[in-house]
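Here is a friendly walk through one protein model, meant to be read with the structure open beside you. Take a moment to turn the chain around before reading on.

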Amino acid sequence: TYAWSNAVFLNDSAISNPKAGPPGNTSFIVTVTDANSCSDTAVINVDFYPLPVVEAGPNDTICNGGTTGLNATGAISYQWTPSNGLSNPNIANPNASPSVTKEYFVKGTDANSCSFTDSLTIFVNVLPPANAGPDKDVCLNDSIQLGGNPTGPAGASYDWPYNNLNDSLVPNPYFMAIGINPGTYPIQVYVTDGNGCVSIDQVTVTVLTDPTAVISPITTTICV
């Protein structure tokens, strides 16, 4: 038979291998008695280590295709799960690039091999639709309106980084084919939604050469 001291910290004080959960460093004495009622004692010391205070960090929000840095603290080694979307799941501060909203768990282990797990969520906002409109032709010294119908979602802001426009910050500016040479001009629009997410689309404007008018001399004979 077995009899362990400090039984309050054991799941069963009458077996050979109980599980111990002391609140601090504790010595346990076991008395072993055989069939002849002979007994002996032994002592085992259990060292208590508190769990590490592992923190995954705050939740964050990114745009689809974006990246954010994670930064766990409180341990000496780390393991992040799931690993997809992470630059390195075995460091404290990997970069995260999930394509959809995802919760990441980090298990931190301290010098005593004690571990604790914390988690955070990376929210992913979808990119706004952007429509620069179909490719267009315009005659030299004329103008033509650009953009889609609509160019972007309601409440979005716009930037057409090009000089020959009447207004580069509206969804449907006019391209002014004035003071430029005939040719092909790719023009981009940056559409930014209320979450700060940006999409880019491009339209190609072809500036045509004005036709040259030629009047051929006409000889007319009149009989009188």
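## Strands and loops

Strands here are DSSP runs of E with at least two residues, numbered from the N terminus. The model is a predicted one, so please keep that in mind as you read.

With that numbering in hand, Ser37 falls in the loop between β2 (26-33) and β3 (39-46). Its phi is near 65°, a positive value in a residue other than glycine. Ser37 is also exposed, because its relative accessible area is 60% and the exposed class begins over 50%. A similar story holds for Asn141, found in the loop between β10 (136-139) and β11. Phi of Asn141 is near 70°, again positive in a residue that is not glycine, and at 51% relative accessibility Asn141 counts as exposed. For background, most residues other than glycine have a negative phi, and most peptide bonds are trans.

## Two cis prolines

Which residues does a cis peptide bond join, with omega about -10°? They are Thr81 and Pro82. Pro82 sits in the loop between β6 (77-81) and β7 (95-96), and it is partly exposed at 30% relative accessibility. Beyond its neighbours within four places in sequence, Pro82 is in contact with Lys102, Glu103 and Tyr104. Measure from Pro82 to Pro134 in your viewer and you should find the C-alpha atoms 42 Å apart, with the two positions 52 residues apart in sequence.

Another cis peptide bond joins Asn149 and Pro150, with omega about 5°. Pro150 belongs to the loop between β11 (143-145) and β12 (157-159).

## The disulfide

For cysteine, the count comes to one disulfide. It joins Cys63 to Cys197, with the sulfur atoms 2.1 Å apart. Cys63 lies in strand β4 (residues 60-63) and Cys197 in the loop between β14 and β15, so the bond ties together parts that are 134 residues apart in sequence. The torsion about the S-S bond is about -95°, which means the disulfide is left-handed.

Is Cys197 buried or exposed? Cys197 counts as buried because its relative accessibility is 0%. Two further cysteines are worth a look: Cys114 is buried, with a relative accessible area of 14%, whereas Cys38 is partly exposed at 47%.

## A buried aspartate beside Cys197

Asp193 lies in the loop between β14 (183-192) and β15 (198-208), the loop that also holds Cys197. Asp193 is buried yet has no salt bridge. How far away is the nearest side chain of opposite charge? That side chain is Lys102, 21 Å away.

What Asp193 does have is a polar partner in the backbone: the nitrogen of Cys197 lies 2.9 Å from a polar atom of the Asp193 side chain. Setting aside neighbours within four places in sequence, Asp193 is in contact with Val126, Pro128 and Ala156.

## Nonpolar cores

In soluble globular proteins, nonpolar side chains tend to be buried together. In this model, the largest nonpolar core has 18 residues, and those with the most contacts inside it are Val138, Leu146, Trp160, Phe175, Ile187 and Val207. Strands β14 and β15 each supply at least two residues of this core. The largest share, four residues, comes from β14.

Val138 makes a good starting point for exploring this region. Not counting residues up to four places away in sequence, Val138 touches Ser143, Ile144, Phe175, Ala177, Val205, Thr206, Val207 and Leu208. A second, separate core has 16 residues, including Val54, Ala56, Ile62 and Trp80.

## Phe116 on strand β9

Phe116 is found in strand β9 (residues 115-125). At 36% relative accessibility, Phe116 counts as partly exposed. Leaving out neighbours within four places in sequence, its contacts are Leu51, Pro52, Val54, Val106, Lys107 and Gly108. One of these, Val54, is also a member of the second core.

Finally, the C-alpha atoms of Phe116 and Tyr78 are separated by 9.9 Å, although the two residues are 38 places apart along the chain.

Notes: Residues numbered from 1 in each chain as written. Predicted model: local features only at pLDDT ≥ 70, side-chain atom pairs only at ≥ 80, totals over all residues. Heavy atoms only, no water. Buried < 20%, exposed > 50% of the residue type's maximum accessible area, 1.4 Å probe, protein only. Lys, Arg positive; Asp, Glu negative; His and termini not counted. Salt bridge = Lys/Arg side-chain N within 4 Å of Asp/Glu carboxyl O. Polar contact = N/O pair within 3.5 Å; in protein donor to acceptor, adjacent residues only side chain to side chain. Contact = heavy atoms within 4.5 Å. Core = buried A, V, L, I, M, F, W, Y, C linked by side-chain atoms within 4.5 Å. Disulfide = S-S within 2.5 Å.
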